[in-house]
Amino acid sequence: MRAEGLDHQVYCRSRPVNTETTTPWDKTAVAALTPLQASDKRYKILEAHIKKYQGRQDALIEVLHKAQELFGFLEDSLLLFVGSRLKLPPSRVYGVATFYHYFKLKPQGAHTCVVCLGTACYVRGSDRVLAAIEQSAGIKSGETTEDKQLSLMTARCIGACSIAPAVVYDGVIHPKQDPESALAQLKGWLPHGN
Ligand code: FES
């Protein structure tokens with residue numbers, strides 16, 4: 001099974017999918033997701049997306065796609081969330097997420113910046129925000145600065161349209177960003193003191 005539009009040759013890692021289903025759920029970790037979900041609209045959007053697929057386990061890749069679209073990368077707590085909602089064991093979720101090169105499990109930089117390019121943010125200038133960051137950092141979206149200080153990513157609608165353009169710095173959503181406020185926020189994370 002693979003996601004629509006994914007080129008198997010390009011996106012698959014060479015090792016096989018781990019389909020072991022023996023890893024038990026860490027109930028503490030799953031329970032800890034609840035307040036996180038409540039405070040971050042991106043989890044609500046993801047939950048709605050999962051409902052669209054009626055929680056079907058064979059929608060795992062599509063759900064992981066959406067998760068990466070929203071968060072920029074698939075951190076452990078996010079994979080746990082997806083697994084718990086699809087009632088899949090963590091080993092299955094991790095196995096699929098690590099199989100495809102397309103999925104990013106963590107940013108390489110010490111800090112992360114995710115610029116929302118969803119429609120509401122885009123029409124309010126998030127493309128200019130992204131361009132300013134790319135120019136100052138000397139990297140493109142999806143890349144990490146050479147000094148490993150900053151990983152830059154983009155997302156599609158993170159559920160904060162009313163405060164567009166929104167940018168997520170180290171997991172915290174910031175409202176109404178423009179090139180100046182974004183570069184001020186990134187001060188100290190950019191190479192050569194940019
Ligand atoms: S389009 Fe950016 S938060 Fe909705």
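This report walks through a predicted model, from its confidence scores to its sheet, a helix pair and a single lysine.

## How confident is the model?

Remember as you look around that this structure is a prediction. The average pLDDT over the chain is 83, and 79% of the residues reach at least 70. Two stretches do worse. Residues 1–12 have a pLDDT below 50, and the model gives this stretch 16 contacts beyond near neighbours in sequence. Residues 14–24 are also below 50, with 16 contacts of that kind.

## The sheet

Now find the strands. Four of them make an open sheet in the order S2-S1-S3-S4, and the pairing is mixed. At the edges you'll see S2 (150–155) and S4 (172–174); each has a single partner strand, so one side of each has no neighbour in the sheet. Going from one strand to the next, the twist averages 25 degrees.

Let's zoom in on one edge. Strand S3, residues 167–169, runs antiparallel to S4, and 3 bridges join the two. One residue pair to look for is Val168 with its bridge partner in S4, Ile173. The sheet has a helix packed on it too: H9 (residues 126–137) touches S1 (111–116), S2 and S3. The direction of H9 makes about 150 degrees with that of S1.

## Helix H7 and its cover

Next up is helix H7, which spans residues 90–99. Its buried residues are Pro90, Val93, Tyr94, Gly95, Val96 and Ala97. What covers them? Part of the cover comes from helix H5 (60–71) and helix H6 (76–86).

To describe two packed helices, you give the angle between their axes and the distance between those axes. For H5 and H7, the angle is about 70 degrees and the axes are 11 Å apart. That angle makes H5 roughly perpendicular to H7, and the crossing is right-handed. On the H5 side, the contact is made by Leu60, Ile61 and Leu64. H7 brings Val93, Val96 and Ala97 to the contact, and these three also appear among the buried residues of H7.

## A closer look at Lys41

Finally, pick out Lys41, in helix H4 (residues 41–52). Is Lys41 buried, exposed or partly exposed? Buried would take 20 or more C-beta neighbours within 10 Å, and exposed would take 12 or fewer. Lys41 has 17 inside 10 Å, so it counts as partly exposed.

Which residues does Lys41 contact, leaving aside neighbours within four places in sequence? They are Ile158, Gly159 and Ala160. You can also check Lys41 against Leu70: the two are 29 residues apart in sequence, and their C-alpha atoms are 9.9 Å apart in space.

Conventions
Residues numbered from 1 in each chain as written. Predicted model: local features only at pLDDT ≥ 70, side-chain atom pairs only at ≥ 80, totals over all residues. pLDDT = per-residue confidence, 0-100. Contact = placed C-beta atoms within 7 Å. Pairing = 2+ DSSP bridges. Helix = DSSP H or I, 4+ residues; strand = E, 2+ residues; numbered from the N terminus. Axes fitted to C-alpha atoms, helices over the stretch in contact; angles between N-to-C directions. Parallel < 35°, antiparallel > 145°, perpendicular 65-115°, else oblique. Left-handed = near helix turned anticlockwise from the far one by under 90°.
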